[in-house]
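Let's take a walk through this structure together, one piece at a time. Keep the 3D view open and follow along as the names come up.

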Amino acid sequence: MNVIWRNYICRLRQGKVPHRCQSGVHPAAPLGSRILTDPAKVFEHNMWDYMQWSKEEEAAARKKVEENSATRVAPEEQVDQNTKEKVEESSRDQVRSNFSRMQGTEVHCQKSCVSSDPPSKGRSNFSNLDLEEHSKGPGKTERFPGSSATFRILEVGCGAGNSVFPILNTLQNIPGSFLYCCDFAPEAVDLVKVSFSHASYSEAQCSAFIHDVCDDGLAYPFPDGILDVILLVFVLSSIHPDRMQAVVHRLSRLLKPGGMLLFRDHGRYDNAQLRFKKGRCLSENFYVRGDGTRAYFFTKGEIHHMFCEAGLHEKQNLVDHRLQVNRKKQVAMHRVWVQGKFQKPLHWTQRR
């Protein structure tokens, strides 16, 4: 996955497809090139690309989902989980307060879309003059982390930073770039910050902060309409389906006209969905794991509707079928992910 995002960032920033993005590690076979043509050789590699399901395999997967969805989480347990959510929501005020103290002053982002002239080919045309749209007063320009940058990326749900540092390594070769990364868990953000200091990254390159994407009233540490790229990777599936659309709407407001949101998450009938036991289903295609985390399994159509409803244009929306192989146990598992690229139009009208 890190290779995919590094390559895409290079193409987006340079306005072309580079021959190769430099990396210290190169895969033995390029992604997407390992095709299983002889079933007898299935256990020769750990992963096969572009797997086509037979009608029998798809029917078996559908039947398995019907079986593990037949028994839902008990109503009283769902009430307990909803109560837990409300407790978490009540703690967001404290998170907001801590965030404000950390920044020195709370950033008040505009709720209206900021329009700009079309960017030049392959490059961002954002300048500090655009910040006048976010002024706190006449002649006073708002300052925020990364305000002097010309190319900005936000990774939503950064966790402990597994993708943060490969992205930063790539951005080192892109002048004027800046990385934001956020997570709901304070412990995860603390780990990222500690890693920043150990790796000698400065505040001029990156900013990690606590944020709950489900809280539309919680300000980001930067204004709306300034991001070139948002990474939303295996995050949306953990959010309650009733809240997903609002999250996508909010993220779309952060993008600048022409900015791109890169999405990847669980697809319908992925092996992870098939492995759920009865009694773990919360609602259709939405499950709770043993540790309390949740997982939704998307179709291409659902993703298309959700992001287009937020006013973004679909540039890519595909189902990535792969066959994951455990050679030691001689087991093959179908993996299904949905991957998409959605762009904010140059002339954007905010939708509700």
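The tour below goes from helices to cores, and then to a few single residues. One thing to keep in mind is that you're looking at a predicted model.

Start with helix H2, which covers residues 55-70. Its 16 residues reach 22 Å from the first C-alpha to the last, close to the 22 Å expected at 1.5 Å a residue. Which residues of H2 are buried? They are Ala61, Val65, Asn68 and Ser69. These four sit on the same side of H2, because they cover an arc of only 100° around the axis. There's a handy rule behind this kind of pattern: an α-helix has 3.6 residues a turn, so residues three or four places apart point the same way. Now turn H2 around. The face away from the buried side carries exposed residues, namely Lys55, Glu56, Lys63, Glu66 and Ala70. And what do the buried residues of H2 pack against? Their partners are helix H8 (271-274) and two strands, S7 (281-283) and S8 (286-288).

Next, find helix H7, residues 241-254. Buried here are Met244 and Val247, and then the run Val248, His249, Arg250, Leu251, Ser252, Arg253 and Leu254. The buried residues of H7 pack against strands S2 (151-156), S5 (227-233), S6 (255-266) and S9 (294-296), along with helix H9 (300-309).

H7 also leads us to the nonpolar cores. The largest one has 39 residues, and those with the most contacts inside it are Leu154, Phe222, Leu236 and Phe307. At least two residues of this core come from each of S2, S3 (177-183), S5, H7, S6, S8, H9 and S11 (331-343). H7 gives the most, with 5 residues. Apart from this core lies another, of 21 residues, including Ile167, Val192, Leu231 and Met260.

What about the cysteines? Searching the whole structure turns up 0 disulfides. Take cysteine 182: its sulfur is 6.4 Å from the closest cysteine sulfur, in cysteine 158, and that is too far for a bond, because a disulfide needs the two sulfurs within 2.5 Å. Cysteine 206 is in no disulfide either, with the nearest cysteine sulfur, that of cysteine 181, 6.8 Å away. Cysteine 182 is buried at 1% relative accessibility, and cysteine 206 is buried at 6%.

Now look for arginine 322, in strand S10 (residues 313-326). Is arginine 322 buried or exposed? With a relative accessible area of 12%, arginine 322 counts as buried, because the cut-off is under 20%. Its side chain makes a polar contact with the side chain of aspartate 49 (3.5 Å). Arginine 322 also makes one with the side chain of aspartate 320 (3.0 Å).

Finally, a couple of backbone oddities. Most residues other than glycine have a negative phi. Tyrosine 269, though not a glycine, has a positive phi of about 75°. Look for tyrosine 269 in the loop between S6 and H8, where it is buried with a relative accessible area of 17%. Glutamine 330 is another non-glycine residue with a positive phi, near 55°. Glutamine 330 lies in the loop between S10 and S11, and with a relative accessible area of 47% it is partly exposed.

Key: Residues numbered from 1 in each chain as written. Predicted model: local features only at pLDDT ≥ 70, side-chain atom pairs only at ≥ 80, totals over all residues. Heavy atoms only, no water. Expected span 1.5 Å × (residues − 1). Buried < 20%, exposed > 50% of the residue type's maximum accessible area, 1.4 Å probe, protein only. Arc of directions from axis to C-beta. Contact = heavy atoms within 4.5 Å. Polar contact = N/O pair within 3.5 Å; in protein donor to acceptor, adjacent residues only side chain to side chain. Core = buried A, V, L, I, M, F, W, Y, C linked by side-chain atoms within 4.5 Å.
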